[in-house]
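Let's talk through how this chain packs on the inside. Here is the model to look at first.

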Amino acid sequence: MSSPDSRFTCKGQKVLQFAGTSTFSQYTVVNQMAVAKVDPAAPLHKVCLLACGVCTGFGAAVNTAKVEPGSTCAVFGLGAVGLAAVMGCHSAGAKRIIAVDLNPDKFEKAKVFGATEFVNPNDHSEPISQVLSKMTNGGVDFSLECVGNVGVMRNALESCIPGWGVSVLVGWTNMHDVATRPIQLIAGRTWKGSLFGGFKGKYGVPQMVKAYLDKKVKLDEFITHNMPLESVNDAIELMKHGKCIRTVLSLD
């Protein structure tokens, strides 16, 4: 169904559904494309993270960038999407995974998911792309921008090594144009975008659930808070101030 349409009401008034699926409700009606049947053994209070977030970051590394074993990667932004991208790079066999964020408190969490190094752009006077180029003898093989900031998108591209470097736009924004100098692409870099990590939800989500049950994908480590639905505004404040990774809301 298109976004203005909804089969969902509350007290007689139509309620719109974010991305055609989300509502703070235990029951709703969605397009069949948005329904995925998962293993009934999966704990719903954990696998609820396997929507936009973990799938998006993990898939951006594995499906879109196609990170290769032994490669060097840089992940910009260490929220849930960025940490999932770190996990994807690690799962794909990357040798070096450089986590980039302005919040140094994020690095310990990034190490849990496989990051090997941490860089805070505030600690350097030169552009972060130059810092990473010096650290890696010319640039990283793969970079993933998980912030949604067009300036960071450009830095991520320019952090890639000329000739074969691949940079993936993962962070969402529709506010500004993104730009770079043509030579950055003429030199052989590839600039790609990734939506939902390149997964097809109906098939990809059950695969990720199985990977979690088989202990091949982490989920518990993303959850920093559990709250009742009544505390949703508190959860949003935690997110806005970088004090949480993911908060799971209970509707019980």
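Q: Which residues does Phe-222 touch, leaving out those up to four places away in sequence?
A: This is a predicted model, where local features need pLDDT of at least 70, side-chain atom pairs count only at pLDDT 80 or more, and totals for chains, interfaces and linings use all residues. Residues are numbered from 1 along each chain as its sequence is written, and side-chain values use heavy atoms, with hydrogens and water left out. Taking contact as heavy atoms within 4.5 Å, Phe-222 reaches Leu-49, Val-54, Ala-80, Leu-83, Ala-84, Met-87, Phe-113, Ile-245 and Arg-246.

Q: Which element gives the largest share of the largest nonpolar core?
A: A nonpolar core joins buried Ala, Val, Leu, Ile, Met, Phe, Trp, Tyr and Cys residues through side-chain atoms within 4.5 Å, buried being under 20% relative accessible area (1.4 Å probe, protein chains only). This one has 49 residues, and Phe-222 is among those touching the most other members. Elements are DSSP runs numbered from the N terminus: helices (H or I, at least four residues) and strands (E, at least two). Eight core residues, the largest share, come from α3.

Q: At what angle do α3 and α4 pack?
A: Leu-83, Val-86, Met-87 and His-90 of α3 meet Lys-109, Ala-110 and Phe-113 of α4. Axes are lines fitted to C-alpha atoms, for helices over the stretch in contact, with angles running from 0 to 180 degrees between N-to-C directions. Here the axes lie 8 Å apart, at an angle of about 35 degrees.

Terms used
Buried means under 20% relative accessible area, exposed over 50%, partly exposed in between (1.4 Å probe, protein chains only).
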